[in-house]
Amino acid sequence: MLSSTWNFIKRHKRKFIFTGVFVGGVYLLGKYAQRKIQEMQEREAAEYIAQARRQFHFESNQRTCNMTVLSMLPTLREAIIHHLNSESLTALLKTKPANKLEIWEDIKIISFTRSIVAVYSTCMLVVLLRVQLNVIGGYLYLDNSVTKNGMTPLAPPDVQQQYLSSIQHLLGEGLIELITVVKKAVQEVLGPVSLKQSLSLQELEQQLTQIRQLVEEGCASSKHKSLSWYMMPDEENTLASQACGLTENDVTTIKLLNETRDLLESPDFTTVLCTCLSRGFIRFLDNMSEFFRPPQQHLSHFITFLRLSHVSLPLAKIIPIINGQIHSICSEIPSHFVQDLLLIDQVKEFAANVYETFSTPQELQN
């Protein structure tokens with residue numbers, strides 16, 4: 001019995017060897033595949049967790065952006081009112097001065113200028129802070145998630161403070177220059193318009209469009225500055241102001257400022273800012289339309305729209321309405337104006353792209 005079995009094995013030795021190798025190979029291959037599948041699952045899980053953490057950090061950063069915008073609007077409002085103080089002129093009118101008409105003309109120019117400047121500067125504040133906080137947010141994500149191995153942080157606290165303090169340009173020199181340009185455009189468009197002349201909402205919109213064209217396309221008699229300049233000075237001015245006693249951190253700050261300037265001068269940013277400005281001026285006119293409504297109540301929206309186009313108010317009555325708009329535009333309490341700007345899809349998409357760029361390790365970008 002044993003000899004016959006042994007003979008059978010010898011006759012089929014190759015088959016048994018092949019079968020053993022095959023079975024062993026299948027077993028090892030299965031083990032290898034199992035290990036690779038486990039590694040892939042672990043890698044996918046790690047990537048999912050990292051992506052979820054990154055998404056959470058981004059969303060948290062956007063909430064910080066919104067809160068920062070709202071917290072800075074009172075400072076912006078006070079700066080505009082400080083440079084364009086119509087209240088002092090209004091108080092002067094109550095004393096019945098001899099040059100009453102001249103004062104009214106000054107109030108006309110100042111009132112329109114400060115509300116238009118409020119729209120421009122609020123839109124700029126929204127998009128600039130979106131850019132800055134997502135640049136810093138991206139670097140902070142890398143500092144917290146990637147560079148925990150003893151490497152020097154990309155954005156230490158002092159660099160963050162220096163970088164974010166550059167917003168003061170918009171609240172200072174940039175705002176003063178913007179006021180000068182807007183005021184000149186207002187004088188050119190509305191200067192010849194009599195205080196007694198009546199304007200419809202549509203005619204008011206046409207006046208604003210002319211003013212915007214002069215501001216954004218530049219006046220023939222003045223040197224044209226791009227809108228990005230009001231948010232951040234040109235590179236030469238920034239370097240000149242930081243040329244003395246540069247430290248390593250100052251170099252890092254200048255690098256951040258230069259990267260931000262490149263973003264502000266990009267076509268995508270220009271498109272986003274123009275979208276914000278268009279939405280801002282539409283909301284501004286919507287606010288104004290409340291004062292052009294006919295006295296009749298319970299009218300359909302269509303009839304109200306038709307009547308709005310025929311309602312006109314003397315410019316002298318429009319001026320106080322325009323003058324007060326700054327308080328709803330630059331309101332720290334979330335208003336329709338600011339909410340509209342914060343919820344614009346193009347702003348959100350641009351912010352996401354900025355964060356994606358600056359939260360990706362440099363070696364992965366190359």
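**Exercise 1. Why does the sulfur of Cys123 form no bond with the closest cysteine sulfur, in Cys276?**

Before solving, note that this is a predicted model, in which local features need pLDDT of at least 70 and side-chain atom pairs count only at pLDDT 80 or more, while totals for chains, interfaces and linings use all residues. Residues are numbered from 1 along each chain as its sequence is written, and side-chain values use heavy atoms, with hydrogens and water left out.

Solution. Begin with the criterion, by which a disulfide is a pair of cysteine sulfur atoms within 2.5 Å. The sulfur of Cys123 lies 5.5 Å from that of Cys276, which is too far for a bond. Turning to Cys330, its nearest cysteine sulfur belongs to Cys123 and is 9.9 Å away, and Cys330 is in no disulfide. A search of the whole structure likewise finds zero disulfides.

**Exercise 2. Determine whether Ser166 counts as buried or exposed, and describe its surroundings**.

Solution. First locate Ser166, which sits in the loop between helix H5 (157-164) and helix H6 (168-171); helices here are DSSP runs of H or I with at least four residues, numbered from the N terminus. Next apply the accessibility classes, in which buried means under 20% relative accessible area, exposed over 50%, and partly exposed in between (1.4 Å probe, protein chains only). With 16% relative accessibility, Ser166 counts as buried. Finally, list the residues that Ser166 touches (heavy atoms within 4.5 Å): leaving aside residues up to four places away in sequence, these are Gln132, Met231, Met232 and Leu257. The side chain of Ser166 also reaches the backbone oxygen of Tyr163 at 2.6 Å.

Key
Polar contact = N/O pair within 3.5 Å; in protein donor to acceptor, adjacent residues only side chain to side chain.
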